[in-house]
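Thanks for making time this morning. I would like to talk through how the helices of one model pack against one another, so please have a look at the slide.

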Amino acid sequence: MSARRSLVWLGLTPEPEQELPAAVAALRSPAAGRPPSALVAAERHRVERLVLRGTQRGWLRYLREVTDLVVRAAGSQTNDPKAALLAGEVVLDHHRMLIGLPGAGYDRTALQRHELERALARLRERPEPALVGPSEPWSTI
């Protein structure tokens with residue numbers, strides 16, 4: 001690891017590493033409901049690789065992808081909004097905390113914060129889906 005590489009971004013919060021893999025897998029999954037375990041494992045591996053070997057710039061690119069997934073889900077009435085709400089809230093909280101770090105991360109994420117705030121408002125306005133039968137939440141993966 002280079003002595004010049006800034007690691008300050010790693011100290012923000014553990015929630016993205018803990019919460020995003022299952023939520024992002026659900027957003028990427030072609031079928032509604034619980035995402036395939038292989039997709040969740042792939043997301044966990046990607047996040048782990050970014051945290052252990054990546055840079056702040058690479059991490060922010062990943063969070064840009066997550067933001068795009070949340071915005072897309074907010075514009076679709078077919079998806080269950082739970083995964084998008086969770087992912088959007090985690091990324092928005094992360095991006096708000098960037099204000100306390102040196103560098104331009106906070107300024108670079110201004111548009112994403114705005115997009116996430118709008119998407120989360122749309123997702124929160126949706127009525128709760130009715131349960132048809134016994135259900136197991138996707139977040140228990």
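I will take the helix pairs, then the core, and then two single residues.

A word on the basis: this is a predicted model, in which local features need pLDDT of at least 70 and side-chain atom pairs count only at pLDDT 80 or more, while totals for chains, interfaces and linings use all residues. Residues are numbered from 1 along each chain as its sequence is written, and side-chain values use heavy atoms, with hydrogens and water left out.

Let me begin with helix α4, residues 82–97, and helix α6, residues 110–125, which pack at an angle of about 150° with their axes 10 Å apart. Helices here are DSSP runs of H or I, at least four residues long, numbered from the N terminus; the axes are lines fitted to C-alpha atoms over the stretch in contact, and angles run from 0 to 180 degrees between N-to-C directions. α4 and α6 are therefore roughly antiparallel, a term that applies to angles over 145 degrees, just as roughly parallel applies to those under 35. On the α4 side the contact, meaning heavy atoms within 4.5 Å, includes L85, E89 and L92, and on the α6 side it includes L116, L120 and R124. By class, this contact has 7 nonpolar, 3 polar and 5 charged residues, where Ala, Val, Leu, Ile, Met, Phe, Trp, Tyr, Cys and Pro count as nonpolar, Asp, Glu, Lys and Arg as charged, and the others, Gly among them, as polar.

How does α6 pack with helix α3, residues 56–74? The angle between α3 and α6 is about 30°, with the axes 9 Å apart, and these two helices are therefore roughly parallel. The residues of the α3 contact with α6 divide into 9 nonpolar, 2 polar and 3 charged.

Now to the core. In soluble globular proteins, nonpolar side chains tend to be buried together. The largest nonpolar core, a set of buried Ala, Val, Leu, Ile, Met, Phe, Trp, Tyr and Cys residues joined through side-chain atoms within 4.5 Å, has 30 residues; buried means under 20% relative accessible area with a 1.4 Å probe, protein chains only. L20, L27, Y62, V66 and V70 touch the most other members, and α3 gives the most to this core, with 9 residues.

Finally, leaving aside residues up to four places away in sequence, Y62 touches L20, V24, R28, E43, R46, V47 and L50, whereas R124 touches L85 and E89.

Key:
Angles under 35 degrees count as roughly parallel, over 145 as roughly antiparallel, 65 to 115 as roughly perpendicular and the rest as oblique. Buried means under 20% relative accessible area, exposed over 50%, partly exposed in between (1.4 Å probe, protein chains only).
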